[in-house]
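Subject: Structure for you to look at

Hi,

Here is the structure I promised to pass on. Please open it alongside this email, and my notes follow underneath.

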Amino acid sequence: MKPIRYIPFLHTHSQLKKEILATFEEFYDDKDYILGSGLEQFEKAYALYNGVKHGIGVGNGHDALFIILKCLGIGTGDEVIFPAHTFMATALSVINSGARPVLADIDPNTLNIDPLEVEQKITSKTKAIIGVHLYGNPSDINTLLAISRRHEIHLIEDNAQAQGAVVGEQKTGSFGVMNFTSFYPTKNIGALGDGGLITTNSDELAEKARILRNYGKGAHGNYSNIGINSRLDELQARILLVKLNYLDRWNEERIKIAKRYDSELKKISEIKLQQDYNKSMNVRHIFPVITARRDHLKIFLKSKGIETLIHYPNPIHLQPAFSLLNHKSGDFPIAEKVCKQELSLPIYPGLTKSEVDFVCATIKDFFSNQS
Ligand SMILES: *Cc1c(COP(=O)(O)O)cnc(C)c1O
């Protein structure tokens, strides 16, 4: 068996090379490099795909959330609740907006924010809850929505890892007042560089986001707001427009691979797998296994040519940069445990059945030889 790399776009980028190079030539000749027609087309196409009225392309996922918080008037003196287990960008946007991050521990089965924890963290200063659909698995979004309505606070979805995921009949990224995704190259749909997008059904908030991403420049050329420079790059938008046509197919492949992993690995008692919610579709951005022998398993798999990753090795509240939050080890026990025990198995379009079977057989080998 050839080494199995963890490169999510390994196969898709070989398949799309011709199509994308043709797109580049067109882009080059059109000379429409900033806020061009490709960006406008992609924003419309993604909004349609996501089932929302507006898509606003921005520089990256971090800036998307930063702009959302500005649009909603959230900043200094306000509190924003989000899961203790997420990618750093979620936390940084909140800090950079001036608001205070308030963490809530996660559910040990779904690995997403625990709504009961959210309710306990709400104060008179709470302005928003961010639901992160981690690893492609939709959060308990209807419960989060009910909590946000009951307390009259905003719900924002971090859909960076769950493009195309569904709850009931509705895609994630369409439940909150404003939501966002990221097109970091490894996401289910990724650019060849950085990119991000805000989704919303509000005409007014969409307009505000468009102004803020472009220096704060309003319709008549006046600078009406203190904005930033964070526009989704025209070249990336055109590439993403091509890739959007394949997203559903790629997600189906991921789901198929995950089903195979699930059915083989659930037999191993030392391993715990992520659980989905009822009536939701997990688009399997990452396939996490939780095991107390994570570090040894990782080394063993590497010795057999299987590359794995860890998402994420250190919890947010224990990062040196977040010492201002005054948290200590033990404050979010489930998030801390997942950081110590999570291992991400290779999962991406083009990974073959025999590769998946080899990963499963190697994991079984590890546990049967060492127990
Ligand atoms: C990728 C990601 C982001 C945004 O990342 P950028 O690199 O800023 O585009 C935000 N939240 C989560 C959960 C992510 O995985």
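Below is what I found on salt bridges, a surface patch and an internal cavity. Please keep in mind that this is a predicted model.

**Salt bridges**

The count comes to 16 salt bridges. Three of them are described here.

One pairs the side chains of Glu 307 and Arg 5, at 2.7 Å from N to O. Arg 5 sits in the segment before helix 1 (12-15), while Glu 307 is in the loop between helix 11 (294-303) and helix 12 (333-341), so this contact ties together parts that are 302 residues apart in sequence. Both ends are partly exposed: Glu 307 has a relative accessibility of 24%, and Arg 5 has 42%.

Another links the side chains of Glu 264 and Lys 364, at 2.5 Å from N to O. This pair also connects distant parts of the chain, with Glu 264 in helix 10 (residues 247-265) and Lys 364 in helix 13 (residues 353-370), 100 residues apart. Glu 264 counts as partly exposed at 21% relative accessibility, and Lys 364 counts as partly exposed at 31%.

The third is a local one, between the side chains of Arg 238 and Glu 234, at 2.8 Å from N to O. The two residues are four apart in helix 9 (residues 234-244), so about one helical turn separates them. Are they buried or exposed? Arg 238 is buried, at 7% relative accessibility, and Glu 234 is buried too, with a relative accessible area of 0%. Through shared salt-bridge partners, Asp 30 joins Glu 234 and Arg 238 in one network.

**A nonpolar patch on the surface**

Have a look at Phe 24, Tyr 28, Tyr 33, Ile 34 and Leu 35, which make a nonpolar surface patch of about 490 Å². Leu 35 belongs to the loop between helix 2 (17-30) and helix 3 (37-50). With a relative accessible area of 36%, Leu 35 is partly exposed, so it passes the cut-off of over 30% that patch residues need.

**One cavity**

There is one cavity of 30 Å³ or more, and the volume of the largest cavity is about 80 Å³. Its lining has 13 residues, and those closest to the centre are Pro 8, Phe 9, Thr 12, Lys 187 and Asn 188. By class, the lining of the largest cavity is made up of six nonpolar, four polar and three charged residues.

Happy to talk any of this through whenever suits you.

Best wishes

Terms used. Residues numbered from 1 in each chain as written. Predicted model: local features only at pLDDT ≥ 70, side-chain atom pairs only at ≥ 80, totals over all residues. Heavy atoms only, no water. Patch = residues over 30% accessible without salt bridge, like charges linked within 9 Å, V, L, I, M, F, W, Y side chains within 5 Å. Areas by Shrake-Rupley, 256 points an atom, 1.4 Å probe, with all protein chains shown as cover. Salt bridge = Lys/Arg side-chain N within 4 Å of Asp/Glu carboxyl O. Buried < 20%, exposed > 50% of the residue type's maximum accessible area, 1.4 Å probe, protein only. 1 Å grid on protein atoms, 1.4 Å probe; cavity = no way out; pocket = protein on both sides within 12 Å on 5 of 7 lines; lining within 4 Å. Points joined across faces, edges and corners; volume = space filled by probe spheres on them. Nonpolar A, V, L, I, M, F, W, Y, C, P; charged D, E, K, R; others polar.
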